[in-house]
Amino acid sequence: MSADTKIAELLTELHQLIKQTQEERSRSEHNLLNIQKTHERMQTENKTSPYYRTKLRGLYTTAKADAEAECSILRHALDKIAEIKSLLEERRIAAKMAGVYSDSDPPRKTMRRGVLMTLLQQSAMTLPLWIGKPGESPPPLCGATPASSDYVAKQGDKVAARVKAVDGDEQWILAEVVSYNHSTNKYEVDDIDEEGKERHTLSRRRIIPLPQWKANPETDPEALFSKDQLVLALYPQTTCFYRALIHTPPHRPQDDYSVLFEDTSYADGYSPPLNVAQRYVVACKENKKKW
């Protein structure tokens, strides 16, 4: 089965799941309305009789079951979306290797900087939010949660890569994994910036995988970097990571970090607060401050 055919099938299944979600929600709204009306009657009569207690117990039991059913459908829909994104990424990588490009993913040599910045912003916005079950801990690469020690980034994954610049200095750049050699434990990565047009061979310690899920500050705040923590963050409108301090962590799932970049041109050594998406904030491997 071709990727296009599989994607079409998954989209059809996703459409059906969305319809089921709406049907489930409409059914549960009737029960929630009954709960509200029962509470209003109790307040009017100013009493909690055994009848009302029994009725409310049944209504809340039904409401819980309705919510669990809707949650199950939504998780199934999220799985379908993840499958579709994975297939689209596989198709993009295959086209890149074959030298065939689409309008949404032009060849690096012709990509304008504005287009690249837009694509990076879209990648950050569409990074899935981790939604765990009650009591479930966020997985590796969710927010600030690091990858496991034996993790190997896949072809096409975006990473922070430490490379030598033209002037000999080292810098952290946004790169895409081309391959990993298990014999030498080295990655081949492409500089994401079309102006670089370079392929680098780097050891594992020079690679930091980017988050694969956003952490939800409302349910998993421990999976976020905390205030004043030292990180590497992608400087806005560039493809380079620089050392920064967390000024304010996200408060809502759609929020960015507010960070202070190290900058000697300011009296206190740090830039004013700048927003950086969760997608582009990773742990800093260097603890000593450099000027």
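Is C284 buried or exposed, and what is its relative accessible area? That's the warm-up for these exercises on a predicted model, in which local features need pLDDT of at least 70, side-chain atom pairs count only at pLDDT 80 or more, and totals for chains, interfaces and linings use all residues. Residues are numbered from 1 along each chain as its sequence is written, and side-chain values use heavy atoms, with hydrogens and water left out.

**Exercise 1. Cysteines**

Task: settle the C284 question, then work out why C284 and C142 have no disulfide partner.

Solution. Start with the cut-offs: buried is under 20% relative accessible area, exposed is over 50%, and partly exposed is in between (1.4 Å probe, protein chains only). C284 has a relative accessible area of 12%, so it is buried.

Next, the bonding. A disulfide is a covalent bond between the sulfur atoms of two cysteines. Here the criterion is a pair of cysteine sulfur atoms within 2.5 Å. For C284 the closest cysteine sulfur belongs to C240 and is 15 Å away, too far for a bond. C142 is buried too, at 0%, and its closest cysteine sulfur, in C71, is 16 Å away, again too far. Searching the whole structure turns up 0 disulfides.

**Exercise 2. The surroundings of strand β6**

Task: find which strands pair with β6, and name a bridge partner on each side.

Solution. Strands here are DSSP runs of E with at least two residues, helices are runs of H or I with at least four, and both are numbered from the N terminus. Two strands pair if DSSP finds at least two bridges between them.

- Step one: β6 covers residues 230-234, and 4 of its 5 residues are buried.
- Step two: β7 (residues 240-248) pairs with β6 in the antiparallel sense over 5 bridges, with L232 opposite R243.
- Step three: β10 (residues 281-283) is also antiparallel to β6, over 3 bridges, and V281 is the bridge partner of A233.
- Step four: look at the β6 and β7 hairpin, where 5 residues sit between the strands and Q237 has a positive phi near 65 degrees.

**Exercise 3. Strand β1 and its partners**

Task: do the same for β1, residues 158-164.

Solution. β1 pairs with β2 in the antiparallel sense over 7 bridges, and V163 stands opposite Q171 of β2. Their hairpin has 5 residues between the strands, with G168 at a positive phi near 95 degrees. β1 is also joined to β5 by 3 antiparallel bridges; P209 in β5 is the bridge partner of V159.

**Exercise 4. Nonpolar cores**

Task: which residues have the most contacts inside the largest nonpolar core?

Solution. A nonpolar core is a set of buried Ala, Val, Leu, Ile, Met, Phe, Trp, Tyr and Cys residues joined through side-chain atoms within 4.5 Å. The largest has 32 residues, and the ones with the most contacts inside it are L174, F241, V259, Y280 and V281. At least two residues each come from α3 (113-125), β2 (170-181), β6, β7, β8 and β10. Apart from this core lies another, of 13 residues, with A161, A175, I207 and C240 among them.

Now zoom in on V259. Contact means heavy atoms within 4.5 Å. Neighbours within four places in sequence aside, the contacts of V259 include A233, A244, I246, P272 and L274.

**Exercise 5. Aromatic pairs**

Task: describe the geometry of F225 and Y257, and say which parts the pair ties together.

Solution. Rings of Phe, Tyr and Trp (its six-membered ring) pair if their centres lie within 6.5 Å; planes under 30 degrees apart are stacked, over 60 edge-to-face, and the rest tilted. The whole structure has 6 aromatic pairs. F225 and Y257 form a tilted one, at 6.0 Å centre to centre and 50 degrees between the planes. F225 lies in the loop between β5 (207-209) and β6, and Y257 in strand β8 (residues 257-261), so the pair ties together parts that are 32 residues apart in sequence. F225 is buried at 4% relative accessibility, as is Y257 at 1%. Y235, Y242 and F261 form one aromatic cluster.
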